[in-house]
Structure formats: C-alpha cells, structure tokens
Amino acid sequence: YNWLQTFLEALSYKLIGEVRWGVKARVFTGAAASMLDLLTDIYVTYMFWKDSTKQGYFQASLASLAVSMWFQLFFIWGQNKKLGVKQVLREWFPVLIGFKPALDASRVATGAKQEVGHAVEPMVEMTFMKGIEMFAEAIPGVIIQLMAIATSDGEVATAAWISLAVSALTTGFASATISYDWDTDPMKREQTPDFYGYVPANVRKRLIIFVSLTMFSSGLLLIRSMTIVILGLVGSKWVALYIGADMGIYLLVKILRGDFWYWMPLGGKVEIVNSFFSRCNLKIISDFTCCVQLRHPNEIGGLTWSLEFALTMVSLPVAIIVAKTQLS
C-alpha cells in the first residue's frame, strides 16, 4: 500500500508539472503566433501600399483585416453584452492589440468556467475567435499573397515567401489548437468517448499529433489556395463556380435535413444571422484546413468533412488542367 501511494503521488506531481508546463507553453506560443501573424499581415499590407502596381492587393488585405476585426468585436459584444459596457470594452482591448488568442488559450488551459451572463463557455469562445481569424483574415491573406506572387512581373522577394509560410503555418497552428483542445478536454472525452480520444496521453506522442495536425492543415490550405489562384488567373467565373456551387449544395443539404439552425444560444434575431454566418464560416474553414474538430455532427459532419478533403486533393490538378485548356 505504501509503495502504491508513493507511486501515485510521484505520478501526480509529474502530471501536474506537465500540465503547468503545457499551460505556459500554450500561452507564450499562442501569444507569439498571434503577434507574428498580425505583424506579417501588417507588413504585407504595407508592402502592397508602397507598390503602386499592387493597390488592389493592398485594398483587399486592408479589407480582410478590417472585416476580421469587426467580426471579432461583434462576437465579443454578443458574448459579454449582458455584463455591461465596461466588460465589453475590457474584452475588446486584447482583440485590438492582438493578444486575444493568448488570453483565450490561458483561460481554456487553466480550466476557466463560463461566467454568469456569458453566452458560451471559454472553449467555444476561443474556437469561434480562431474561426473568425481564419475565415476573414488568415485564409484570404494566404490567397492574396499567393495571387500577388503568381502575378509578379519580376523576381519575388524572399520576404514574400517567408510571410506566406508564416501565414500558412500560423493558420495551421490555429486549426490544430482547436482540434487538440476539444479532444483533450476531460469532460468531452467522458461524455463522448466515441468521438473524442484520438490524442494519446503520452506527452511526446501528443506533440507528434499536434505537429501533424498543424502541417496537415497548413498543407491543405496552400493546396486549396493555389487552386483558387489558378482558377482566378483563368477567370473569376471559375472561382465563383468552384466556391459558390460547393457552398450552395452544402447549405441546401443543411436546409433540407432541418440542420441549418446553429446550436449557439445567442438569443433573438442574432441567432438567425449567426446560423447563416456560422454555417458558411465553418464550411470555408473546413474546405481550406480540414480542421479535424469540424467533422463533429453539430458542425460540418463526418461525411461532408471527408468529401471536402477529397475535393481539395483533386481540385488542384483539375484546376491546372482547366488553366492549360483555357489559356492555350
């Protein structure tokens, strides 16, 4: 009995140490990644502004940043509106300086509970904030940078390639964080063991899974974005057909199945807007990153997730064939 008690105490100290290290690593890594992504986005936008031949890309980048910021502030307002204006302003500040991802990661990693008056719990808030960043800022940013590189007349600067790589990796990191955090949540594993639990308990194996998820999403993002760029060079109608037809079929299936209404309890007419936005938002994120968490039945669904993954892998060679046919 004494031997077993000593063993369990040693094991608990080891696990506590790993958890504390994980919390600190998550906070610092999240802060560094978010700030680095923000700085690269600002840098790219500034470089487009300096080049008189790329004012269209400058306007697109600026619009992407503005839309992302607006959606984030709107979501924060919906999350905290019942707690008063001061609370809303207090939560807006981390968004404006780029530290909201690190703050959300800290709350989730330390087990913060949902406060009275909040619309959703911290895990859901973090997920949606990351989703908004990917939907309105990260994914469009990668497409814009790839298009600028593809249409460049002269030699592409090294900084442009570095910025593209950073944008893709930080987007993959955000996607991996969403899947990892939901899967490793003890409550989720207990309530839904058939869905959650693919991340192992071993620390090294967890690191391998996390890195794999990051590279998986980053690679698919580049594949899908390159498909958009190639079709865009052929003609805007091809891009509209590629994105619009897929999105239209998806929304139609959701409506016919009676699954269009989103589950988030925001209340009032906001739920109507949120249902449409959330369905489109998560569909785009799934298309470009194949975030593993989105295969959940309440989100995209396993079948749709698998089909979108296959479509992403097939679409790039098809786009190349279309480009050769149309431009020859």
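Among the elements that cover the buried residues of helix α9 are α8 (203–234), α10 (270–289) and α11 (302–327). The model in which this packing is seen is a predicted one, and the buried residues of α9 in question are Val239, Tyr242, Asp246, Met247, Tyr250, Leu251 and Lys254. Just after α9, glycine 258 takes a positive phi of about 70°.

Helix α11 supplies the view from the other side, since its own buried residues pack against α8, α9 and α10. The buried residues of α11 are Trp305, Glu308, Thr312, Ser315, Leu316, Ala319, Val322 and Ala323. Serine 315, which belongs to that buried set, is also the site of a kink of about 35°, shortly before proline 317.

The lengths of these two helices can be set beside the spans expected at 1.5 Å a residue.

| Helix | Residues | Expected span | Distance between end C-alpha atoms |
|---|---|---|---|
| α9 | 21 residues | 30 Å | 29 Å |
| α11 | 26 residues | 38 Å | 37 Å |

For α9 (residues 236–256) the end-to-end distance agrees with the expected span, and for α11, the helix that carries the kink at serine 315, the reach from the first C-alpha to the last is likewise close to the expected value.

Elsewhere in the chain, α2 and helix α5 (residues 122–150) pack with their axes 10 Å apart and at an angle of about 175°. Because angles over 145 degrees count as roughly antiparallel, α2 and α5 are roughly antiparallel to each other. On the α2 side the contact includes Tyr57, Leu65, Phe71, Phe75 and Ile76, while α5 contributes residues including Phe128, Met129, Ile132, Pro140 and Met147. By class, this contact of α2 with α5 has 15 nonpolar, five polar and three charged residues; among the charged ones are Glu125 and Glu133 of α5.

Helix α2 spans residues 55–80, and asparagine 80 is found within that range. Is asparagine 80 buried or exposed? With a relative accessible area of 1%, asparagine 80 is buried, because the cut-off for burial is under 20%. Leaving aside residues up to four places away in sequence, asparagine 80 touches Gln87, Val88, Glu91 and His118.

Taken as a whole, the secondary structure of the chain comes to eleven helices and zero strands. Of the 328 residues of the chain, 46% count as buried, and among the contacts with a separation of 6 or more, 66% are accounted for by residues 24 or more positions apart.

Note on methods. Residues numbered from 1 in each chain as written. Predicted model: local features only at pLDDT ≥ 70, side-chain atom pairs only at ≥ 80, totals over all residues. Heavy atoms only, no water. Helix = DSSP H or I, 4+ residues; strand = E, 2+ residues; numbered from the N terminus. Buried < 20%, exposed > 50% of the residue type's maximum accessible area, 1.4 Å probe, protein only. Contact = heavy atoms within 4.5 Å. Expected span 1.5 Å × (residues − 1). Axes fitted to C-alpha atoms, helices over the stretch in contact; angles between N-to-C directions. Parallel < 35°, antiparallel > 145°, perpendicular 65-115°, else oblique. Bend = angle between axes of the 7 residues up to and from the residue.
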